[in-house]
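Here are a few exercises to work through with the structure open beside you. Try each task before you read its solution.

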Amino acid sequence: MNDQEASLDQLRRTAAALLELSPHPPSGLRLRTGDLSVEVDWAQPAGPAGTPAIATSGVAPAAVAALSAVSDAVAAVRAPLLGTFYRASAPEAPPFVALGDRVEVGQQIGIVESMKLMNPVESDVAGEVLEVLVADGAPVEYDQVLLMVATDRAVDGCAQIFGGKDAS
């Protein structure tokens, strides 16, 4: 993958993560590849009985439909207990997972040391690692978010929205 393709891929993942933050599709979406830029506009809720009024001008109907189909696109992998989080099995070892890696359900993504016991942390979702939120050796609380993962459903939806090798 060349630098331009990597930049475009990062832009797609960033846009998908931003789009998932809203309970409804955006009113506008602008992407740039030169110096990377993502701009997302959401309409203000104003519909009857609390229903959001969504302006979709400037957004292709197929993109709006695809956005609606992508639910649970970004999932959090959380700490199963309180302790110290380690990203690798040893200080010199590579991390279990890194940004952009693919994870499967049940795959070990780290270790939480608690009361001198090393407890493996496993992913409960399959997809691509979008963000690692906790540094190696950092203390974590029970249920604290460790990683953000673009689920397989998100990857399929992004291919529909932005095009790509998985698009049908």
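**Exercise 1: Getting to know A73**

A73 sits in the loop between α2 (61-69) and β3 (74-78). Helices (H or I, at least four residues) and strands (E, at least two) are DSSP runs, numbered from the N terminus. The model is a predicted one: local features need pLDDT of at least 70, side-chain atom pairs count only at pLDDT 80 or more, and totals for chains, interfaces and linings use all residues. Residues are numbered from 1 along each chain as its sequence is written, and side-chain values use heavy atoms, leaving out hydrogens and water.

Task: decide whether A73 is buried or exposed.

Solution. Start with the cut-offs: buried is under 20% relative accessible area, exposed is over 50%, and partly exposed lies in between (1.4 Å probe, protein chains only). A73 has 2% relative accessibility, so it counts as buried. Then look across the chain: A150 is 77 residues away in sequence, but the two C-alpha atoms are 5.8 Å apart.

**Exercise 2: Following β3 into the core**

Task: find which residues of β3 are on its covered face, and what the strand pairs with.

Solution. Begin with a general point: side chains in a regular strand alternate between the two faces of the sheet. In β3, A75 and V77 form the covered face, while V74, A76 and R78 form the uncovered one. Next, the pairing (DSSP must find at least two bridges between two strands): β3 and β10 run antiparallel and are joined by 5 bridges. Within that pair, A75 stands opposite V149.

Task: work out which residues touch the most other members of the largest nonpolar core.

Solution. A nonpolar core is a set of buried Ala, Val, Leu, Ile, Met, Phe, Trp, Tyr and Cys residues joined through side-chain atoms within 4.5 Å. The largest has 17 residues, and F85, I109, V140 and L146 touch the most other members. At least two residues each come from β3, β6 (108-114), β9 (138-140) and β10 (145-151). The top contributor is β10, with 3 residues. Now zoom in on L146: leaving out residues up to four places away in sequence, its contacts (heavy atoms within 4.5 Å) include V77, F85, I109, V121 and V140.

**Exercise 3: Two unusual loop residues**

Task: say where K116 and D143 lie and what phi each has.

Solution. As background, most residues other than glycine have a negative phi. K116 goes the other way, with a positive phi of about 65 degrees. It lies in the loop between β6 and β7 (117-122), and counts as exposed because its relative accessibility is 75%. D143 also has a positive phi, near 70 degrees. Its place is the loop between β9 and β10, and at 37% relative accessible area D143 is partly exposed.

**Exercise 4: Stepping back**

Task: describe the whole chain and say where confidence is lowest and highest.

Solution. Count the elements: the protein chain has 3 helices and 10 strands, in the order α-β-β-α-β-β-β-β-β-β-β-β-α. Of its 168 residues, 34% count as buried. Now check pLDDT, the predictor's confidence in each residue, from 0 to 100. The chain mean is 74, and 54% of residues reach 70 or more. Confidence is lowest in α2, with a mean of 47, and highest in β4 (residues 83-86), at 97. Over residues 46-71, pLDDT stays under 50.
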